[in-house]
Amino acid sequence: MIKEMDKEDLLERRQEVQVNDFCMTVCTVNGSGSATANNTLLRALFHMGIPVSGKNIFPSNIKGLPTWFSIRASKDGYLGRVAHDDIIVQMNPGTFVKDLTYDVQGGVVFYGDHIKLPIDRDDIIAYPMPVKDLVKQAGVPRNLQDYMENMVYVGVVAQMLGIGLGYIEDALCSQFRKKTSVAESNFAIVQLAAEWAQNNLEKKDRYWVEPMPPLEDYIMTDGNTAGALGAIYGGFQFCAWYPITPASSLAESMVTFAPRLRKNPDTKKNNFAIVQAEDELAAIGMAVGAGWAGLRAMSSTSGPGISLMAEYMSMAYYAEVPLVLWDVQRVGPSTGLPTRTAQGDLTLNYFLGHGDTQHIILIPSSVNECFEFGWKAFDLAEKFQTPIIILSDLDLGMNLWMTKKFDYPDQPIQRGKVLWEKDLEEFPVEWGRYLDVDGDGIPYRTLMGNTHKKAPYFTRGTGHDEFGNYSEDPDIWQRMLDRIKMKIESSKETLPKPVVRALPGANIGLIAMGSTEHALIEAQDKLNAVGITTDFMRVRALPFSSEVQKFIEAHQQNYVLELNRDGQLHQLLVLHYCDMTDRLTSLSYIDGLPMTAEWIIKAVFAKEENSNV
Amino acid sequence: MSDKKDETNAIGLTRSDYRGERSTLCPGCGHNTISAQIIMACYEMGIPPEKIAKFSGIGCSSKSPTYFLGQSFGFNGLHGRMPSLALGAAFADTSMKIIGVSGDGDTASIGLGQFKHLIRRNLPMVYIIENNGVYGLTKGQFSATAEKGLELKHQGVNPFLPIDIAKEALVGNASFVARSFAGDPKQVRELLKAALSHRGTAVLDIISPCVSFNDREDTLHSYKWGRQHQAPLHDIAYVPTRKSIILDEFKEGEIKEVILHDGSMVILKKLEQAYDPTDKWQALQILEEAEKNNWLVTGLIYVDPNQPSLYDYMNLVEEPMNRIPVKDLRPQRETLEKINQDMA
């Protein structure tokens, strides 16, 4: 029943001509150098003003295994993944047959004519491309031939869809910034291929592109680059990291950008340090040391690294050491699917550590927000003197997204309660490192190198009193831990508030977090179009602020949608709002791929249909 | 006789300005001797306590930083992970003297990785291993430096060959490796001073007997065995930068000088055999011989005063990084506009 409804009402109605609205998947083997070609197509569409997103679905491998790059063009601005393809560009014989099954009726396949496999579908349009001949014809040196074959599909696809070659040239130039000769030689192949297509292929399919008003307020980049830039504009001073997919490119972007942006203008010396540690145990240890000594310190990793960091994170929580930790999530448990995306580390991070530990977590959903949270996290860490965890994911971190331009931070750097020599001299009471002078649970700290006689103190993970002295006194232990809890709880209303996308007349709530936002917005609109009207709340931080409770209270039924098996966000909501569990329903799954609007629609439909019976 | 209490050092501080809290370690523990020598070395060198930061891991040894330099910042970190903690903190103010205290469990087992990587990076700090061959705080289990055949109450006989921390340091390209014995406080003190003047990771493996769990007189980490088998490589004397000394009293070939990075010097007086601590091959050889012959070789085993330190690769600003004003930490608005343009 539901399937019938899907077909009739939910899937896009195909018309004769379909403009600026399709999903195109390029199928190659990894290591073949297709990234440049794919990004060229992506950027060309973006420069045409067409909202677009690109998703690289790749194996945990360097060379030779299948990889897919999906480009979604959406005149309506939907950037989430779609599970089907309108257009397939096929360069990989190994996946030829299976990939074809994802093509929609009336869809297209462009394929290298070296693939001699039957096309067992008569409902799609096939265009062969003489990739090897054209590359040979162009006289490309042998060692570059494989790579240049990718430019053939760029030219053919551009010609057949109507992407002006000027856009392709611009996109190539922006990728090869300083290497104009390389851009030129690539573009020559594109031109040759486009010309061949014009002379030899007859357009039979319905897909076209047309320029739209320029996307002036938008840029195109990935979440890891944005997070790195956020940290740099947040005044980071120390970053320790250990390579792990999908987090590596965050620290690597810092290595790229920090020397350009963070040198002392007079001396040309760095006012930061980045250290590649020997493992995550050391990376977090370094960050804790630096954060303790008064540097804006950070680390970035993924789930397995978080597991290794648990003990120092527990200590940083109890010893009240500020630092920022990025978790760019991938699929676990275990090594899991290291090159696939997930939202499975939420509960791990929230309670990371032994004993009573509960951390502050920020959850960006867009590349722009990775930048914003990237700088804000340092202010929060130093304000509350505690680790701040930022939960990103592979889809957000590693894929290219069109996103709003980065806004320059709208508030000055705030370093929290730090006392230097003069401040200590003027301090009204006898200073103690863990003494709650202001009644807000946040003590004052001194930093290593402070030469005031009263400044030095001894930091320990063992029980300690208000003055940092070792203590096993039961009252003191309880008092200290309660104060820390109060401090963390008090952060709620300072953290980024949830974002609500309300529709008039909605009585159902959708609750989600992070990068699934894009699929959620699309699903919300499409559900609304078929009469299921919802409000959508995106949670942006833990512990939850009062708005979260209000949203749940305002809806009889709240669906919590997330990319993990057990519904971890749902678990935490149930834990916090145990008197409203009947209003909270978990809709979660994990298969390694970004969430689709289609899945959400089906899942909500199924629940609503059951509840209406 | 003058009252020692009133004596002051070059910067006008007394010994008690370098003391810490009362030790809670067992009476007679070698670690207490080492703490006392840290106090003396820093006092005699006239280092302001606020210019020293102390770090440690977990174990009896790692408890000791509370028992010295009470007017210095300190951080008692996690088991085996003092090196990373110290490294991160050191960047906040590279003018600080960093002292790390670890034990044989903390360094040779859980911390072996961090130990070797610290050495590889050559972070300027003194790395002391208070080595007693046994886990004290958990009551008497074998550590990785326990000798083969060692018999401990409740543990039986250790079947494994030990890890030699000095050897590990040497093959890890350490720039300063010394071994000493808590029963020889004077040597400990002179080596500490040299280590504090070294610009790089200075490893001090100090045999420091555990009187509660591993001090039987026939065992390698005991006082008695140490006294009977100690084989100093040389008499060592540390000479601060500003003191000029006359070396004429020594015959040629009898002494070896090593100028450290800050201009101070260690003078090594030859004992039975000539020994050149700048020769790594000789250093490895002497450790191998010592193991075969049951010697407790002590002294400055190896030093390279000019090996680049971690800071040399970082192009850091001169001022302490934790004192950089906030206005210098955020790039100008125009730079972000340029980035936005490039990504458009």
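How many residues of strand 17 of chain A are buried? Select residues 400–404 of chain A to find out: 4 of the 5 are buried, so to speak of this strand as mostly covered is fair. Keep in mind as you click around that this is a predicted model.

**Stop 1: next door to strand 17**

With strand 17 of chain A still selected, add strand 9 of chain A (218–222). Strands 9 and 17 of chain A run antiparallel and are joined by 5 bridges. For one pair to label, pick Tyr218(A), whose bridge partner in strand 17 of chain A is Lys404(A).

**Stop 2: where the chains meet**

Now show both chains. The contact draws 54 residues from chain A and 45 residues from chain B. On the chain A side, the elements that each supply at least two residues are strand 9, helix 8 (223–233), strand 10 (238–241), helix 10, helix 11 (303–319) and strand 20 (458–460). Which of them gives the most? Helix 10 of chain A does, with 9 residues. Colour the chain A side by residue type and you get 32 nonpolar, 14 polar and 8 charged residues.

Zoom in on strand 20 of chain A and select strand 2 of chain B (residues 73–76) along with it. These two strands pair across the chains in the parallel sense, over 3 bridges. Label Thr459(A) and you'll see Phe75(B), in strand 2 of chain B, standing opposite.

**Stop 3: helix 5 of chain B**

Next, select residues 112–121 of chain B, which make up helix 5. Show the side chains of Gln114(B), Phe115(B), Leu118(B) and Ile119(B): these are the buried residues of the helix. Why do they sit on the same side of helix 5 of chain B? Because they cover an arc of only 135° around the axis. The spacing rule behind such a pattern is a familiar one: an α-helix has 3.6 residues a turn, so residues three or four places apart point the same way.

What covers those buried residues? Part of the cover comes from the other chain, in the form of helix 10 (280–292) of chain A. Chain B itself contributes helix 3 (82–90), helix 4 (104–108), strand 4 (125–131), helix 6 (165–171) and strand 10 (201–207). Before moving on, click Asn122(B), which follows helix 5 of chain B and has a positive phi, near 60°.

**Stop 4: a small detour to a sheet in chain B**

Select strands 12, 13 and 14 of chain B. These 3 strands form an open, antiparallel sheet in the order 12-14-13. Strand 12 (234–239) and strand 13 (255–259) of chain B are at the edges with a single partner strand each, so one side of each has no neighbour in the sheet. From one strand to the next, the twist averages 20°.

Strand 13 of chain B is joined to strand 14 (residues 265–270) by 5 bridges. Among the pairs to label here is Ile255(B), with Lys269(B) as its bridge partner in strand 14 of chain B. Then add helix 7 of chain B (residues 185–197), which packs on the sheet and touches strand 12 and strand 14 of chain B. The direction of helix 7 makes about 50° with that of strand 12 of chain B.

**Last stop: all of chain B**

Zoom out. Chain B holds 10 helices and 15 strands, and its C-alpha trace spans about 75 × 55 × 45 Å along the principal axes. Its radius of gyration is 21 Å, which agrees with the value near 20 Å for a compact globule of 344 residues. Of those 344 residues, 52% count as buried. Among contacts in chain B between residues at least 6 apart in sequence, 70% join residues at least 24 apart.

Methods: Residues numbered from 1 in each chain as written. Chains lettered and ligands numbered in written order. Predicted model: local features only at pLDDT ≥ 70, side-chain atom pairs only at ≥ 80, totals over all residues. Buried ≥ 20, exposed ≤ 12 C-beta atoms within 10 Å, placed from the backbone. Arc of directions from axis to C-beta. Contact = placed C-beta atoms within 7 Å. Nonpolar A, V, L, I, M, F, W, Y, C, P; charged D, E, K, R; others polar. Pairing = 2+ DSSP bridges. Rg over C-alpha atoms; globule rule 2.2 N^0.38 Å. Axes fitted to C-alpha atoms, helices over the stretch in contact; angles between N-to-C directions.
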